[in-house]
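Let's take a walk through this protein together, from its surface to its charged pairs. Have the sequence and the 3D view open as you read.

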Amino acid sequence: MDLRTAATTIHSDPLWWRKTLIGGALLMSIVGAPFAGGWIVESIDNSRKGFPTPLPPWFDWWSRWLIGMFAGLIDFLFYGMPFLVAVVVFFCVAFSSVIGGSPELANRVLGVLAVVMSAYIVLVFISGVSIVGRLIYVQDASPEHAMSVRAMREALRPGARGVYFRARLASLPAYLPAVLLGALAYLAASRLTVPGTWLIILLLVWLTLSAVLYAHLIVAQIYVAAERELDRRGLTRVSELI
């Protein structure tokens with residue numbers, strides 16, 4: 001599935017814009033963010049079952065919040081946890097270097113960690129490990145499978161990584177509206193002295209987060225199509241072999 005097909009599928013729901021704006025509003029708070037995450041997971045589940053449209057309605061809030069929490073944990077595991085480990089390593093080395101009288105060691109370690117973490121984030125994003133983890137979560141109904149090494153193995157295994165890589169490349173343009181709206185929000189924030197700027201910033205942040213959610217819908221459609229492509233090729237998912 002290409003970007004145009006994914007967008008057409010989403011737009012076939014006449015209420016897609018209203019549902020996306022509701023999700024964007026929920027993303028503006030820490031408490032509301034899991035609702036939006038659960039909504040995306042439910043959209044993935046419906047698409048895998050052959051019902052990509054209409055988009056899920058906003059109901060069953062408690063179940064959706066729990067699902068969104070697990071989805072957020074998947075992202076934290078692959079994106080946030082390595083950063084925490086890197087920060088702990090840096091502070092331990094920095095403390096030791098100060099005690100040992102060699103502060104230049106901390107600078108060298110910081111440079112190495114910056115390069116390693118940058119390469120890691122690029123690898124995780126390009127390979128689509130987090131969205132693959134969501135696919136495993138939806139299929140197995142098992143958060144521990146989605147948050148285990150299985151997601152990384154699935155995203156990078158021979159035969160599958162090329163399909164997932166093409167899916168990621170196809171989905172990249174979907175983030176452009178969010179990037180542009182985010183840039184406008186930044187420009188508005190740099191002009192706080194203008195009356196009414198706060199309202200403009202709030203509106204732009206809302207639209208930016210709604211655009212991010214819309215991009216996630218596009219990504220979900222493209223990766224579900226990638227999963228079907230793997231099935232057509234007879235490439236069984238790693239989690240099914242264990």
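Start on the outside, where F76, M81, L84, V85 and V89 make a nonpolar surface patch of about 410 Å². Bear in mind as you look that this is a predicted model. To find the patch, go to helix α4, which covers residues 61-100 and contains M81. Is M81 buried, partly exposed or exposed? Its relative accessible area is 35%, so M81 is partly exposed. That value also fits its place in the patch, because patch residues need over 30% relative accessible area.

Now zoom out to the whole chain. How many helices and strands does the protein chain have? There are 12 helices and zero strands, so reading from the N terminus you meet α-α-α-α-α-α-α-α-α-α-α-α. The C-alpha atoms fill a box of roughly 65 × 60 × 35 Å along the principal axes. Of the 242 residues in the chain, 39% are buried. If you look at contacts between residues at least 6 apart in sequence, 76% of them join residues at least 24 apart. The chain exposes about 12,800 Å², and carbon and sulfur atoms supply 74% of that area.

For a sense of distance within the fold, pick out W17 in helix α2, which spans residues 16-26. W17 counts as partly exposed, because its relative accessibility is 44%. Its C-alpha atom is separated by 30 Å from that of G80, and the two residues are 63 residues apart along the chain.

Next, move to helix α3 (residues 33-48), where you will find S47. With a relative accessible area of just 2%, S47 is buried. Which residues is S47 in contact with, leaving aside neighbours within four places in sequence? They are P52, Q221, V224 and R228.

That brings us to the charges. The protein chain carries 19 positive and 14 negative charges, and the mean positions of the two sets are 5 Å apart. Side chains of opposite charge can pair when their charged atoms come close. The structure holds eight salt bridges, and three of them are worth a visit here.

Begin with K19 and D13, whose closest N and O atoms are 2.8 Å apart in their salt bridge. K19 counts as buried at 11% relative accessibility, and D13 is buried too, with a relative accessible area of 3%.

Then look at E227 and R48, which form a salt bridge with closest N and O atoms 2.7 Å apart. E227 lies in helix α11 (residues 197-232) and R48 in helix α3, so this pair ties together parts that are 179 residues apart in sequence. What is the relative accessible area of E227? It is 5%, which means E227 is buried. R48, at 27% relative accessibility, counts as partly exposed.

Finish with E229 and R233, a salt bridge whose closest N and O atoms are 2.9 Å apart. Salt bridges that share partners join E229, R232 and R233 into one network. E229 counts as partly exposed at 24% relative accessibility, and R233 is partly exposed as well, with a relative accessible area of 44%.

Key: Residues numbered from 1 in each chain as written. Predicted model: local features only at pLDDT ≥ 70, side-chain atom pairs only at ≥ 80, totals over all residues. Heavy atoms only, no water. Patch = residues over 30% accessible without salt bridge, like charges linked within 9 Å, V, L, I, M, F, W, Y side chains within 5 Å. Areas by Shrake-Rupley, 256 points an atom, 1.4 Å probe, with all protein chains shown as cover. Salt bridge = Lys/Arg side-chain N within 4 Å of Asp/Glu carboxyl O. Helix = DSSP H or I, 4+ residues; strand = E, 2+ residues; numbered from the N terminus. Buried < 20%, exposed > 50% of the residue type's maximum accessible area, 1.4 Å probe, protein only. Contact = heavy atoms within 4.5 Å. Lys, Arg positive; Asp, Glu negative; His and termini not counted. Charge placed at Lys NZ, Arg CZ, Asp CG, Glu CD.
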